[in-house]
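Visitor: I am new to this structure and would like a tour. Could you show it to me and take my questions one by one?

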Amino acid sequence: MPTPPNHSQIDPKDVQGLVRFGYKTLTEGCYLLLRIRNAAAARAWCAVAPVATSEFMDHPPDVALQVAFTSAGLRALGLPGDVLEGFSDEFLAGLADDENRSKRLGDVGASAPESWQWGSPANIPDVLVMLFAVPGRLAGWRDMLQTDAWKAAFDLMHCLDTSDMGGHEPFGFVDGVSQPAIDWEGARNSGASQIQYSNLVSAGEFLLGYLNEYGKYTDRPLMDSSDAKAAELLPALDVPAKKDLGRNGTFVVLRTLEQDVRGFWRFLDRQTQSNAAERQQLGQRMVGRTMDGDPLVQESAAPIEGIPSGPQSDSNRFTFDQDPSGTRCPFGGHVRRANPRNGDFPNKPGWLLPRLWSMLGFSSLGMRTDIMASTRFHRILRRGREYGTPLTPAQAVESAPADDAPRGLQFLCINANISRQFEFIQNAWLMSTKFDGLAGESDPLLGNRTAIGDGLTTDAFTIPREQGVRTCIEGLPQFVRVRGGAYFFLPSVSALRYLSRIGD
Ligand code: HEM
C-alpha cells in the first residue's frame, strides 16, 4: 500500500489555473491551435510563457494564458521517445487517429474526423494556447503576445473564437452548474469503497502524480533523477527516486461541437404542436435540468459530500434516488447519462450478501443500475466555452434563418485518465444505446442517430410516466456535429520549464 501523500504538497503555483478556476469573469476567450515552426524557438517560448497558475490571488487576474501540447507537439518540441512512451496510449494515439476510437466516441457520419475543420489525422495541432481576458482586453493582449520570438516559434493553424452567452450554452440552458469538487487537501479515503454518491473527488482524478479514486497513481512519464535536465521536476510521490513529468499536470480534451439550435427547437416545436411551454418542458427533459439550471428531481434529504450547504449549491444537492422510475428526469436525459450520481453499489446495500446480490444484477432494479457503474471513476471538470451568436428558442422557431453562422460549444474537459473519464462518459453513457436499461436511443442532445449493428435505431427518446404508458419520441435528428478535436497534455509550470530545456 502506498503511503497516502500529504496533499498540502500540491503547490497551486505549479498547477495551471484552468484546473482550479473557470475564469468566468474573463468572458473573452480564444483557443489558438499552433504548429511548431522551429523547435528551439518554441522551447525558448516555453521558458518564459506567462502561464497563469492555480494560486489564489486577492483579485482575479485581467488576463490568463494556459498552454497544452498534443503528443505530436511534444515530439516536435524534442521530447525523447522513451519519455513520451510513459504517457497513456490514448494520449499518444490522439482523438482521431483510430477508426475504432472514433466509432466508440460516436464520431461517425457527419461527425467523422475526415470532415473536421481541425484535428483530423492530417490536421493535428502541436500546441494549444488558451487566452482568457476581461471584456475589451483580449485583442490587444493577443497582439502583444505575438512577439518576434513567438512568430519564430509557431505558425497559427486555427483560432477558435468563443463568445459570451451569459452562462448559457447555445440551446439556451444554463451551463457549468455541476462540477466535481477536487480534494485539494487529501481528505478523501482513496481506494475505499463508497456507498453514497460523493461530489468530492480525489485530486488524482484531475492531476497526475496524486492518488486517484482507486487509491493508485495514474501512469505518467517518470524519469531518472540522474537526468540533469529533469533536476527541477518534482519527485514522484510513489517512487521518490524518480522525477515526475506528469505531477501537477493533466490532460485536456477539446472538441468543437456545432449545435443546430434551429433544428433542436424546431423539432421540439413540431413534437409539441407549437405549444411554447410544452416545447420548453420537452427540452428540459432532454437536458435533465430546467433552462435556468434547476434540477428536475427533489433535493436530497441527506447531505452530499463535496456539496457545501447553502443556497448557492442548491441546484446540485440531489441524486436520482428520489426518482427511481425516471418520471421526473428521464433515464436518457443528458445530465442523468453524463453523471448518474450513484455510489459503488447503486442500490446501496451495506451488507456483503445484499451487495453481492446487487452487483450480480438481482436487486429490485435488476441489471439497470449495474450497467451504469459507479460514478466516482468517471468524473470530468468541464471548462468549455460557447461560440457564435445566441438565439432564443422563439427566434429559433420563428425567424427566417438569416444569420446562420455556426454556433456551438468549444467543449473542453480536464481529466487525468482520458480513457476512464472522458472516453468512458462519452462512449458508455452518452452514446450508449443500452444505458440504464434503455434501447434504441443515445444522448438526446449529442447522439449521432446513426443506426448500429444490424440496423438498430438510436434516434428515440423515452419519457417514463407516473401513470399510463411512457412516451417515446422517435426520429430525433442529429443536433450536435463534431467539427474538430484533440487530446492535449496540460503540463505543470515546472514541467513546462523542463520542456524548455530538453534540447539544450
Ligand atoms: C453541445 C454539446 C453539449 C451541450 C449543449 C451540453 C449541455 C449541458 C447542460 C445544459 C448541462 C446542465 C448544466 C450543468 O450541470 O452544467 C450539462 C451537464 C453536463 N454535461 Fe453536457 N453538454 C454538451 C456536451 C457534453 C459532453 C461532450 C460531455 C462529456 C463527454 C458532457 C458532460 C456533461 C456533464 C458531466 C454534465 C454534468 C452532469 C452532472 O454532474 O449533473 N456534456 N451539459
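**A walk through the model**

Guide: Let us start with one serine: Ser 102 has a relative accessible area of 5%, so this residue is buried. Please keep in mind that the model is predicted.

Visitor: In which helix does Ser 102 lie?

Guide: We have just met Ser 102 as a buried residue. Setting aside neighbours within four places in sequence, Ser 102 is in contact with Leu 95, Asp 107, Val 108 and Pro 113. Its own place is in residues 99–105, which form helix 5.

Visitor: Which residue of the protein gives a donor to the iron atom of the ligand?

Guide: Several residues are candidates, since the closest ones to the ligand are Gly 176, Val 177, Ser 178, His 334 and Arg 382. The iron atom has a single donor from the protein, the NE2 atom of a residue 2.1 Å away. That residue lies in helix 10. The donor belongs to His 334.

Visitor: How many residues surround the ligand?

Guide: By class, the shell has 15 nonpolar, six polar and five charged residues. Taken together, the number of residues around the ligand is 26.

Visitor: How far is an oxygen atom of the ligand from a polar backbone atom of Val 177?

Guide: Polar partners of the ligand include the side chain of Asp 175, where an N or O atom is 3.3 Å from a ligand oxygen. A polar backbone atom of Gly 176 is 2.7 Å from an oxygen atom of the ligand. For the polar backbone atom of Val 177, the distance to a ligand oxygen is 2.7 Å. 

Visitor: Which elements give two or more residues to the shell around the ligand?

Guide: One of them is helix 10 (334–338), and His 334 lies in that helix. The full set is strand 9 (250–259), helix 10, strand 12 (408–415) and helix 14 (419–430).

Visitor: How many disulfides does the count come to?

Guide: A disulfide needs two cysteine sulfur atoms within 2.5 Å. By this rule the count comes to zero. Cys 329 shows the spacing: the nearest cysteine sulfur, in Cys 472, is 16 Å away. For Cys 413 the closest one, in Cys 30, is 20 Å away, too far for a bond. The number of disulfides is zero.

Visitor: Is Cys 413 buried or exposed?

Guide: A residue counts as buried under 20% relative accessible area. The value for Cys 413 is 0%, so this cysteine is buried.

Visitor: Why is helix 15 largely enclosed by the rest of the structure?

Guide: The buried residues of helix 15 include Val 493, Leu 496, Tyr 498 and Arg 501. What covers them includes helix 1 (39–48), strand 2 (63–69), helix 2 (71–77) and strand 7 (222–224). Helix 15 is largely enclosed because the number of its nine residues that are buried is eight.

Visitor: The backbone oxygen of which residue lies 2.6 Å from a polar atom of the side chain of Arg 407?

Guide: Arg 407 sits in the loop between helix 13 (393–398) and strand 12, and at 4% relative accessibility this arginine counts as buried. Beyond its neighbours within four places in sequence, its contacts include Pro 170, Leu 257, Tyr 387 and Thr 389. The backbone oxygen lying 2.6 Å from a polar side-chain atom of Arg 407 is that of Thr 389.

Technical notes:
Residues numbered from 1 in each chain as written. Predicted model: local features only at pLDDT ≥ 70, side-chain atom pairs only at ≥ 80, totals over all residues. Heavy atoms only, no water. Buried < 20%, exposed > 50% of the residue type's maximum accessible area, 1.4 Å probe, protein only. Helix = DSSP H or I, 4+ residues; strand = E, 2+ residues; numbered from the N terminus. Contact = heavy atoms within 4.5 Å. Near = heavy atom within 4 Å. Polar contact = N/O pair within 3.5 Å; in protein donor to acceptor, adjacent residues only side chain to side chain. Nonpolar A, V, L, I, M, F, W, Y, C, P; charged D, E, K, R; others polar. Donors = N, O, S within 2.8 Å, 3.2 Å for Na, K, Ca; no water.
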